[in-house]
Amino acid sequence: MDLSYFHVAGDVPKGLEPETAVVIDVLRATTTIAWALHNGAEAVETFADLEQLKKKSHEWPQDSRLLVGERGGKRIEGFDLGNSPVDVLPSLVRGKRLFMSTTNGTRSLDVVRNAGTLYTMALPNRRAVAERLLCEMPNQLCIIGSGWEGTYSLEDSLAAGALAAFLLDKASNSVEIVNDELTAALALWDKWKEDREGCLRLASHGRRLIGLGDHDADFKCCSELDQIDVVPFQVEVGVLSAS
Ligand code: 3SL
């Protein structure tokens with residue numbers, strides 16, 4: 001399996017349609033997606049564009065849909081929930097379809113929606129996603145971060161390193177690191193793996209969230225490792241289900 005990492009979806013070379021892609025947005029979209037599906041959401045349908053989200057969600061029965069998302073870290077006006085993984089409680093999301101739009105994470109997903117196979121990952125479901133990849137053993141895997149408005153983010157690189165480290169540990173003979181971004185992500189993981197929350201708090205988006213108010217529960221949740229077994233998988237364009 002050839003492994004590469006792109007800091008943001010815009011860095012994926014034009015014309016490269018990844019055979020298998022894993023999209024990461026540690027703070028907080030893919031952590032929220034993992035917890036929502038773990039807690040029984042029917043699916044999470046993601047949108048880059050808010051108008052499209054509103055149109056699609058209105059075609060869905062009102063009692064089985066929730067509108068979820070943020071802009072600039074704050075809940076979108078009129079939406080049921082913001083983008084916090086600790087808010088997608090089983091009592092709220094079980095059986096519901098979540099219509100979700102976030103500043104960066106759902107945009108990243110939109111860019112790589114035509115990948116042959118598409119997963120999302122965060123730190124709490126790292127092992128589950130890695131084990132799925134080891135079963136499937138694709139020839140080529142692109143790990144794609146979400147960053148912040150097109151720029152690098154420390155926390156997504158940390159998680160990319162965490163995924164690569166797991167794959168190398170379990171199958172070093174079958175895994176090849178093919179770009180420098182992933183080598184750097186592995187070094188980052190090595191440095192911060194015992195203080196993941198410290199890394200998230202140091203990250204510029206972590207500091208942005210701290211500036212917006214108390215996000216202690218989010219930091220704790222987003223930095224947990226290998227806690228849940230859900231593997232979010234794109235079943236149709238834009239729609240992620242637990243698998
Ligand atoms: O950028 C995103 O997609 C969000 O995850 C950002 S936030 O953590 O919800 O502010």
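Colleague: How do you know that the end C-alpha atoms of α6 lie as far apart as its 18 residues should span?

Modeller: In this predicted model, the 18 residues of α6, taken at 1.5 Å a residue, should span 26 Å, and the end C-alpha atoms are 26 Å apart, so the two values agree.

Colleague: What makes you say that α6 is largely enclosed by the rest of the structure?

Modeller: A residue counts as buried when its relative accessible area is under 20%, and 14 of the 18 residues of α6 are buried, so the helix is largely enclosed.

Colleague: What does helix α6 contribute to the largest nonpolar core?

Modeller: The largest nonpolar core has 40 residues, of which Val22 and Leu167 touch the most other members. Helix α6, residues 154-171, supplies 10 residues, the largest share of this core. Apart from it lies another core, of 30 residues, and Val12, Ala36, Leu37 and Val68 are among them.

Colleague: Which residues is Leu167 in contact with, leaving aside its neighbours within four places in sequence?

Modeller: With contact taken as heavy atoms within 4.5 Å, Leu167 is in contact with Met1, Leu3, Ala130, Leu133, Leu134, Leu141, Ser172 and Val175, once those sequence neighbours are set aside.

Colleague: Why is Ser153 called buried, while Thr183 is called partly exposed?

Modeller: The cut-off for buried is under 20% relative accessible area, and partly exposed runs from there up to 50%. Ser153 has 5% relative accessibility, and therefore counts as buried, whereas Thr183 has a relative accessible area of 45% and is therefore partly exposed. Ser153 is found in the loop between β8 and α6, where Ser153 touches Tyr5 and Gly147, not counting residues up to four places away in sequence. Thr183, for its part, is found in helix α7, residues 180-192, and the C-alpha atom of Thr183 is separated by 32 Å from that of Glu45, 138 residues apart along the chain.

Colleague: What makes the pairs between the ligand and Asn83, Thr102 and Gly105 polar contacts?

Modeller: A polar contact needs a pair of N or O atoms within 3.5 Å. A polar side-chain atom of Asn83 lies 2.7 Å from an oxygen atom of the ligand, an N or O atom in the side chain of Thr102 is 2.6 Å from a ligand oxygen, and a polar backbone atom of Gly105 is 2.7 Å from an oxygen atom of the ligand; each pair therefore meets the cut-off of 3.5 Å. The protein covers 100% of the 290 Å² of accessible area that the ligand has on its own. In total, 14 residues surround the ligand, the closest being Arg28, Asn83, Thr102, Asn104 and Gly105.

Terms used: Residues are numbered from 1 along each chain as its sequence is written. This is a predicted model: local features need pLDDT of at least 70, side-chain atom pairs count only at pLDDT 80 or more; totals for chains, interfaces and linings use all residues. Side-chain values use heavy atoms; hydrogens and water are left out. A nonpolar core is a set of buried Ala, Val, Leu, Ile, Met, Phe, Trp, Tyr and Cys residues joined through side-chain atoms within 4.5 Å. Buried means under 20% relative accessible area, exposed over 50%, partly exposed in between (1.4 Å probe, protein chains only). Helices (H or I, at least four residues) and strands (E, at least two) are DSSP runs, numbered from the N terminus. The expected span of a helix is 1.5 Å times one less than its number of residues. A residue is near a molecule or strand if one of its heavy atoms lies within 4 Å of it. A polar contact is a pair of N or O atoms within 3.5 Å; within protein, one must be able to donate a hydrogen and the other to accept it, and residues adjacent in sequence count only if both atoms are side-chain atoms. Accessible areas come from the Shrake-Rupley method with a 1.4 Å probe; for residues, only the protein chains shown count as cover.
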